[in-house]
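Student: I should like to learn how to read the features of a protein model. May we work through one together?

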Amino acid sequence: MKIEEFTLERIQSLYENTVEYNLSDSGVHPYSLRELLTSEQQAQLLDVELGYGWTNGRVELRQAIAKLYVNRTADEVIVTNGSAEANFLLVMSLLEPGDELVVFVPNYLQIWGWARAIGVTVKEVLLREELGWTPDLDDVRKAVSARTKMMTICNPNNPTGSVLSRETMDGLVAIAREHGIYLHADEVYKGAELEQDEPPSFADLYEKAIITSGLSKAMALPGLRIGWLVGPAQEIYTSWQRKDYTSITTGAVSEFVAEIVVEPAKRQEILARSKRILRENLVLLQRWVDENSDLFSFVPPKAGGMAFLHYAMPMNSTELVHRLREERGIMLLPGDVYGMDHYIRIGIGAPAHHLEAGLQRLAAFVRAELA
């Protein structure tokens with residue numbers, strides 16, 4: 001098996017903790033446990049026994065997650081170590097060499113890379129910038145064939161922050177249902193919509209939908225490393241069989257906290273904080289883009305903790321990001337990691353003063369290079 005380096009994760013893991021201003025994250029500035037939990041809950045946390053627990057997730061936690069979806073049960077949920085493990089289990093459970101997978105790009109390319117590694121044929125459908133970084137359904141119809149096993153989309157999208165309309169969601173479901181294929185959706189940014197109410201999950205719309213989600217992005221709790229898959233009970237059981245070969249179980253402390261934060265009232269409290277931070281920072285970013293419109297342009301994100309900016313200079317995006325890191329102490333993600341040069345991803349979930357200082361350094365660097 002030959003695995004292509006996951007460039008996005010590699011560049012972040014190498015450098016995000018070495019710079020003064022890290023603007024490469026796609027989530028919201030995280031909570032501390034003291035900020036998140038009541039005094040009573042903090043005391044209860046100290047009494048949590050550090051045993052193995054359920055290998056597919058604590059029953060009460062799976063029940064609470066199931067309630068986030070329509071007519072789902074605990075048997076249709078598996079709890080994982082972050083949504084990254086959920087994506088891994090998805091590929092290893094549902095795809096085989098020779099299958100075709102339709103991937104909407106730009107996208108978080110973990111599934112793309114792992115599927116290719118096991119011999120799956122990956123076909124790409126481009127999200128169209130002129131459509132607000134959403135797909136043209138005619139492009140989807142052309143990509144699906146008799147060998148297609150699954151489509152996978154990130155909604156809200158990483159890296160653009162776009163959100164599918166209900167009409168497009170229904171269109172994708174219709175195509176998947178017509179061909180009898182799985183429709184996977186990474187919904188880890190769901191709940192952080194900035195201009196609209198939270199849309200339904202694909203799990204609420206289609207019987208063969210498989211959902212990846214978790215607490216890392218919209219919920220601002222990446223350090224808990226709690227994710228999940230939701231889907232038909234048999235497919236979820238199959239993923240549980242694979243999990244026995246991986247991490248066995250998630251952490252007892254993390255599951256204790258997760259059960260608290262997925263309860264409806266607490267979840268809405270957390271999402272309200274995320275939306276406030278993101279909305280305020282998007283205003284800041286939009287003002288900065290307007291001031292530097294000769295250098296940068298973008299489709300403003302509608303959800304999530306990032307924006308995807310096009311820049312007007314000939315420098316390659318990876319070179320640009322490394323020079324910014326080395327010379328100005330700021331960290332961004334290059335469009336290259338999404339296969340799209342001359343774009344950069346900027347995180348907007350950081351504290352406002354942090355984002356503002358980083359943006360000032362970015363503009364100063366580009367203007368100096370073009371002088």
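Student: Which side chain does R267 meet in a salt bridge?

Tutor: A salt bridge is recognised when a side-chain nitrogen of Lys or Arg lies within 4 Å of a carboxyl oxygen of Asp or Glu. In this predicted model, the side chain of R267 meets that of E198, with 2.8 Å from N to O. That distance therefore satisfies the rule, whose limit is 4 Å.

Student: How many salt bridges does the rule find across the interface of domain 1 and domain 2?

Tutor: The rule finds 1 salt bridge across that interface. Polar contacts are counted separately, and 15 residue pairs are in polar contact between the two domains. On the side of domain 1 that touches domain 2, at least two residues each come from α1 (7-15), α11, β10 and β13 (343-347). The largest share, 10 residues, comes from α11.

Student: Where do the two domains lie along the chain?

Tutor: The domain assignment gives domain 1 as 7-32 + 267-366 and domain 2 as 51-262. Their centres, taken over C-alpha atoms, are separated by 25 Å. Each domain contributes 32 residues to the contact.

Student: What area is buried between domain 1 and domain 2?

Tutor: About 2,700 Å² is buried between them, and carbon and sulfur atoms give 61% of this area. Of the area that domain 1 buries against domain 2, R267, K302 and Y338 supply 24%, more than any other three residues.

Student: How should I read a sheet, and what is the order of the strands in the open sheet of 4 strands?

Tutor: One follows the strands from one edge to the other and notes how neighbours pair. Here the order is β9-β10-β13-β12, and the pairing is antiparallel. β9 (296-298) and β12 (333-334) stand at the edges with a single partner strand each, so one side of each has no neighbour in the sheet. Helix α11 (residues 264-291) packs on this sheet, where it touches β9 and β10, and its direction makes about 135° with that of β9.

Student: In what order do the strands of the 7-stranded open sheet stand?

Tutor: The order is β2-β8-β7-β6-β5-β3-β4, with mixed pairing. The edges are β2 (77-81) and β4 (121-126); each has a single partner strand, so one side of each is left without a neighbour in the sheet. Neighbouring strands are turned by 20° against each other on average, direction ignored.

Student: Which strand do 5 bridges join to β5?

Tutor: Strand β5 (residues 148-154) is joined by 5 bridges to strand β6 (residues 182-186), and the two run parallel. Within this pairing, M150 stands opposite Y182 in β6.

How values were computed. Residues are numbered from 1 along each chain as its sequence is written. This is a predicted model: local features need pLDDT of at least 70, side-chain atom pairs count only at pLDDT 80 or more; totals for chains, interfaces and linings use all residues. Side-chain values use heavy atoms; hydrogens and water are left out. Two strands pair if DSSP finds at least two bridges between them. Contact means heavy atoms within 4.5 Å. Axes are lines fitted to C-alpha atoms, for helices over the stretch in contact, and angles run from 0 to 180 degrees between N-to-C directions. Domain bounds come from an automatic or database domain assignment. Buried area is the accessible area (1.4 Å probe) that two parts lose on being put together, summed over both. A polar contact is a pair of N or O atoms within 3.5 Å; within protein, one must be able to donate a hydrogen and the other to accept it, and residues adjacent in sequence count only if both atoms are side-chain atoms.
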